[in-house]
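Trainee: I have a structure open and would like to learn how to read its strands and helices. Could you walk me through it?

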Amino acid sequence: MAHILIVDDEAGIREFLADALEADGHETTTAEDGYAALKLLNERAFDLMITDLRMPGAVDGMDLVRKARSEQPEMEVIVLTAYGTVDTAVEAMKLGAFDYLQKPIASPAELRMIVARALERRRLLALEDRSRRDEATLAPLTYGDPTMAPVVRAIEKVAATNATVLLLGESGTGKELAARTIHLKSPRANGPFVAVNCAAIAEQLMESELFGHEKGAFTGATQSRRGRIELADGGTLFLDEIAELKPALQAKLLRVLQDRRFERVGGTRTIEVDVRWIAATNRDIEEMVRRGEFREDLYHRLAVFPIRLPPLRERRQDILPLAETLLARIAAELGRPPLRLDESARRKILEAPWYGNVRELSNALERAAILTDGDVIRGDQILVSHASPAATLPLSGTIADLEAAAIRRALEEAGGNRRRAAEKLGIGERTLYDKLKRYGIT
C-alpha cells in the first residue's frame, strides 16, 4: 500500500483516480489546486503524487513538481497533461517527474500500470540508497573483541523484531551506530531512520521538534510543520540522551509509546504513527527512576530490550583496528595521503584508558594528523587524558561542592568546550548548562 496525493481542479478526475487506486489498496489524499497540495506536502510525506499540469491559481503543476523534488525527493511524481501539451509534460520529466498520463485516461488499468511502475522504481531506489548508506557510513560494531560478542548477538536477534530497545553505555561507545545497525537489519530498513539528540535541543523547542506544530501554535509558527515522530512513520525513531527529557515531555512521550497516536502542538487532529523506538542514555537511568527524576512507567516502556555497550577500555582487541579505520577517514577528510602509526603510537593508543571512548580516540588522531609533517604518526603526537573526571575530586565537602568541582575539572580538561565537558561527565549539554547556572560557573 502506498500513500498517494492526487491534485486536479476537476472533481470528476480526482474521484476517478482515487477510486481506481483505492481499489488497488492504496491510500489517497486529494487536493483541488496547487496551493492546497503545497499545504499537504508540508504536513506529511507521500510515496507518489499525481498532478495536473494546468490548474488555476498561483501554483500550477510545474511549481508542484519543483517543490516535490526539493522537499520530498524520494517521492515519485506522475503528471497529467491534456492533448497537445505533451511538450510541457516532457519538461516536467526533466525536472524529475517519473512519467506522464495523457487526458482522457484510457482506463483504470493504464493508470494502475504506470502507478505500479513508479512505486517499483521508488522501492528499488530505496534499496540502492540503503546499500550505499550501509557500505559508506556504517562502520563495524566490533573488530572481533570477545567482549562485544554478546552485544552483536543481542543486536542481531532484536533487529528482526519490532521490540523497543534501550541502549546503555558511556558517551562515545557507539550507541547511535548500534541503533542504525538495528534499523538496517530490521524489516523497516527501507523506512526512515530519524535521530533526535534530546540533550542538544533547547527545552522550549523540544516539544515542537518531536510532535510538530500547527500554523499559529506559537509566535513564529508561520506554517504547519511535521515533527520527528511523524517523519519516522514506517521506520525507526532514535532518541539519544533520553534521560535529558523534562517530566512534561516524558508524559507526552509515554502516551505515544502506549497509543501510537498524538496531536501536534496547537492542533486537535489525532495523528497515528507506526514507529519502532530505540532510546539511548549514558546516565544511570535506573538510579534516576529511584530518585524520581525519570518516570518509572516510561522507563519500563523503553527498557523492553536493554543492551549495554562496553567502553573502549574494555574492548582492547578493537582499539588498534578502530584507530586505523578512523585514521584512514581522517586523512581523507583532511586531503592528506594515507597515514600510518609507528610502533610508539600503536603502543600508546593500546595502553591509553580512553575515558572519552571513540570520540576521544578520534579527536586525538585528528590532532596528531594535523601535527605530523610526513605520513607517520608518532606516540608523542597523540594527546591522551589519563584521568577520569572523578579522579581529582576533593575528598571532603557537600555533594554540591563535589559536583561543582567535577564540572570545573571537566571544563578545564575540555579547554572550555562545553560539549566535550558534558561528554566527560556523562551528562547532556542542557543538563550541564543548568548546572553551570546553578553553581555560578562561567
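Trainee: In which sense do strand 4 and strand 5 pair?

Mentor: This is a predicted model, and in it strand 4 pairs with strand 5 (residues 99-102) in the parallel sense, over four bridges. To find your place, look for Thr 81, which stands opposite Gln 102 in strand 5.

Trainee: And how many bridges join strand 3 to strand 4?

Mentor: Five bridges join them, and these two strands also run parallel. Leu 48 has Glu 76 of strand 4 as its bridge partner. Now follow the chain: strand 3, helix 3 (residues 61-71) and strand 4 form a right-handed β-α-β unit.

Trainee: Which residues of strand 4 are on each side?

Mentor: Start with the general idea: side chains in a regular strand alternate between the two faces of the sheet. In strand 4, Glu 76, Ile 78 and Leu 80 lie on one side, with Val 77, Val 79 and Thr 81 on the other, and all are buried.

Trainee: Let's try a helix. Which residues of helix 10 are buried?

Mentor: Again, the general idea comes first: an α-helix has 3.6 residues a turn, so residues three or four places apart point the same way. In helix 10 (residues 247-259), the buried residues are Leu 249, Gln 250, Leu 253, Leu 254, Val 256 and Leu 257. Seen down the helix axis, they fall within an arc of 165 degrees, so they line one face of helix 10. On the other side, Pro 247 and Ala 248 are exposed.

Trainee: What do the buried residues of helix 10 pack against?

Mentor: Several elements, including helix 8 (203-211), strand 8 (236-240) and helix 12 (296-302).

Key
Residues numbered from 1 in each chain as written. Predicted model: local features only at pLDDT ≥ 70, side-chain atom pairs only at ≥ 80, totals over all residues. Heavy atoms only, no water. Expected span 1.5 Å × (residues − 1). Buried < 20%, exposed > 50% of the residue type's maximum accessible area, 1.4 Å probe, protein only. Arc of directions from axis to C-beta. Contact = heavy atoms within 4.5 Å. Pairing = 2+ DSSP bridges. Right-handed = clockwise from strand over helix to strand, strands pointing away.
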